[in-house]
Amino acid sequence: MSAHATFSLRRVAAMVLRYWYLLRSSWPRILDLIYWPAVQMLMWGFLQLYVAQNSGFFAQAAGVFIGAVLLWDILFRGQLGFSISFLEEMYARNMGNLMMSPLRPSEFVAALMVMSIVRLAIGMIPVSLLAIAFFGFNVWAMGLALAVFFMNLILTSWAIGIFVAGLLLRNGLGAESLAWTFMFLFLPLTCVYYPVAVLPSWLQPVAWALPPTYVFEGMRALLIDHVFRGDLMLQAFALNAVFFGAAVLSFFMLLNSARRHGSLLQTGE
Amino acid sequence: MVMPVPPIAVDGLVKVYKTTTAVDGISFAIETGSITALLGGNGAGKTTTIATIMGLVSPTSGTVRVLGAEMPRQRHLVLHRMNFESPYVDMPMRLTVRQNLTVFGMLYGVDDLPARIRVIAEELDLTEFIDRPTGKLSAGQKTRVSLAKSLINQPEVLLLDEPTASLDPDTADWVRGRLERYRSERGTTILLASHNMAEVERMCERVIMLKRGRIEDDDTPQRLLARYGRETLEEVFLDIVRGRGETREAAQ
C-alpha cells in the first residue's frame with residue numbers, strides 16, 4: 001500500500017492502538033467508563049420500581065426508565081468516548097505530532113469512532129448485565145430493534161463528536177466544556193424519559209428534527225405497545241445522514257479555518 | 001539541463017493574522033543534504049515560517065513547496081518523507097517508548113517496524129528504557145525519544161525546533177553529534193530553528209536571519225561573521241535584532 005494512500009487502515013489501527021495502550025495503562029480511566037452509567041442505571045431502576053408499585057401504567061411498562069437511561073448512555077457516552085479520545089491528544093500536547101504526520105483527518109475521525117465503540121462496550125456491557133441482575137430488565141432481549149436503536153444513536157453521537165472536535169481544533173481547549181455539555185441539550189429535547197406529546201406544541205417540531213427523538217419514541221412503542229416502529233427508525237436514519245454530513249462539512253471548514261488562523265500551533269486555552 | 005527540485009522552496013511567503021503581518025514576503029530555497037538555521041528574535045516569524053513548511057498554517061499569499069509538493073494543499077503526498085522534532089510538542093507520556101515508536105512508525109508507514117525500532121533504539125541508546133513509560137524519563141531521555149520519533153521514517157526533510165533546548169551541555173552535544181552523523185549518512189536536509197548560536201555555528205552551513213517577518217540576512221556563518229566584523233554568531237544576532245547591523249552598514 002502506498003505510504004500516501006487516501007485512506008489507510010494501518011494508520012487508523014495505529015491510532016486505535018495508541019488509545020488502547022492509554023486505556024490499558026490507566027485503571028481510573030477504565031473505572032470511569034463503568035462507574036457513572038452503573039450509578040445512573042441503579043438510580044433510574046429503583047425509581048422505576050417505586051413508580052411501578054404506585055401506578056398501574058408503569059407496572060405494565062416495565063423497564064421503560066431503565067431502557068431509556070441505557071439508550072441515553074449510548075448517545076451520551078458515544079459522543080463522550082469520541083471527544084475524550086480527541087481531548088487526550090490536546091492534554092498530552094501530542095496534536096502537533098499527529099498533524100505533522102501522514103495521518104489524514106478522515107483516518108483520525110475513523111479511529112475516534114472505533115474508540116467510542118470500544119469505550120461504550122467496556123462501560124455498557126457490564127451495566128446491562130447489572131440491569132438484569134438488579135431489575136430483571138434485559139436490554140439484549142430487544143434483539144434486532146436494539147441494533148437499530150444503537151446504530152441511530154451512535155451515528156448522532158459521532159456527528160456531535162465530529163462537530164465538537166472541529167470546534168476544539170479551531171478554538172483550542174477554550175471550547176473544552178462543549179465536549180462535556182453539548183449533548184445535554186439533547187436530554188430534554190429528544191424526550192428521553194417522556195413522550196414528545198408532553199412537550200408544548202411549539203417545541204415538538206424541534207424535537208422531531210433530532211434523530212434520537214425517533215429512537216426514544218421507538219423504544220417506548222416497543223416496551224409499552226410491543227410494536228417495532230420501522231417507520232420511525234427510517235426517519236431517524238435519514239436525519240442522521242443529514243446530521244453526519246453537516247458535521248463532516250463543518251469539521252473540515254473549522255480545520256481549514258484553524259490553518260488560516262494558526263490555531264493548530266496553539267491548541268491550549 | 002533540468003534543475004533539481006529543492007527539498008524546501010519558499011517563494012514570496014506572506015502570512016497575515018487579522019491585522020498582524022507575521023511573515024512579509026520571504027523567499028528562499030534550501031539545498032539537498034544541507035543544514036540551515038532559521039534565526040530571529042521573538043516575533044520575527046520563525047514559528048509561522050516553519051509551521052507553513054509543515055503544512056500547519058496556510059499562507060496568505062506566496063507558495064511553500066516541500067519535496068515538490070505545495071503546502072498545505074498537497075501535504076499528504078510528502079508528509080511520510082519528512083518529520084519534525086520540537087521540545088514544545090510532547091510524546092504521549094503514559095505510553096512506553098516502544099509503544100510510542102510503534103504508533104508513530106505505523107502512522108509513517110514504516111516497513112518491518114520491529115526491526116526499525118530495534119535499530120533506532122540502538123542508534124539513540126534507548127534500549128535500556130524502551131519499555132518504560134515516556135513520562136517517567138529524564139528530560140534528556142525524552143529528547144532522545146522525540147528524536148527517535150523524528151527519525152523513525154528515515155526522513156528526507158527534517159525540521160527541528162530548538163532540538164537541544166533545556167538539555168545539559170553533555171546531552172545537547174550528544175544530540176548534535178547524532179544529528180550530524182545522521183545527516184552525513186542519509187543526506188537528509190535539515191532546517192533548524194534555534195536560539196543557541198554556538199549550536200548553529202557548529203552545525204549549519206547557512207543561516208537565514210529573520211526580523212519583523214522579513215529576511216534580514218542570509219549567508220554562511222563564516223561570511224556573516226566577516227561581514228559584521230564579529231567574533232561570534234551571537235554578536236551578529238544581537239547586531240541584527242537590535243538594528244546595529246543597519247547602522248554599521250550605513251557607516252561603511
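User: How many residues does each of chain B and chain A put into the contact?
Analyst: In this predicted model, chain A and chain B each give 29 residues to the contact.

User: Which elements on the chain B side give two or more residues?
Analyst: Those are α1 (46-54) and α2 of chain B. The largest share comes from α2(B), with five residues.

User: And by class, what is on that side of chain B?
Analyst: The side that touches chain A has 19 nonpolar, eight polar and two charged residues.

User: What about α1 of chain A and α2 of chain B, at what angle do they cross?
Analyst: The axes of α1(A), residues 9-24, and α2(B), residues 97-107, cross at roughly 160 degrees and come within 8 Å. An angle over 145 counts as roughly antiparallel, and α1(A) and α2(B) are therefore roughly antiparallel to each other.

User: Left-handed or right-handed crossing?
Analyst: The crossing of α1(A) and α2(B) is left-handed.

User: Which residues make it?
Analyst: From α1(A), A:R10, A:R11, A:A13, A:A14, A:L17, A:R18 and A:Y21; from α2(B), B:Q99, B:V103, B:M106 and B:L107. They divide into seven nonpolar, one polar and three charged.

User: Switching to α7 of chain B. Which residues there are buried?
Analyst: In α7(B), residues 221-228, the buried ones are B:P221, B:L224 and B:Y228. Seen down the helix axis, they fall within an arc of 60 degrees, so they line one face of α7(B).

User: What sits on the face turned away from that?
Analyst: The exposed residues B:Q222 and B:A226.

User: And just after α7(B), what phi does B:G229 take?
Analyst: B:G229 has a positive phi of about 65 degrees.

How values were computed
Residues are numbered from 1 along each chain as its sequence is written. Chains are lettered from A and ligands numbered from 1 in the order in which they are written. This is a predicted model: local features need pLDDT of at least 70, side-chain atom pairs count only at pLDDT 80 or more; totals for chains, interfaces and linings use all residues. Axes are lines fitted to C-alpha atoms, for helices over the stretch in contact, and angles run from 0 to 180 degrees between N-to-C directions. Helices (H or I, at least four residues) and strands (E, at least two) are DSSP runs, numbered from the N terminus. Angles under 35 degrees count as roughly parallel, over 145 as roughly antiparallel, 65 to 115 as roughly perpendicular and the rest as oblique. A crossing is left-handed if the near helix is turned anticlockwise from the far one by less than a right angle, and right-handed if clockwise. Two residues are in contact if their C-beta atoms, placed from the backbone, lie within 7 Å. Ala, Val, Leu, Ile, Met, Phe, Trp, Tyr, Cys and Pro count as nonpolar, Asp, Glu, Lys and Arg as charged, and the others, Gly among them, as polar. A residue is buried if 20 or more other C-beta atoms lie within 10 Å of its own, exposed if 12 or fewer, and partly exposed in between; C-beta atoms are placed from the backbone. The arc is that of the directions from the helix axis to the C-beta atoms.
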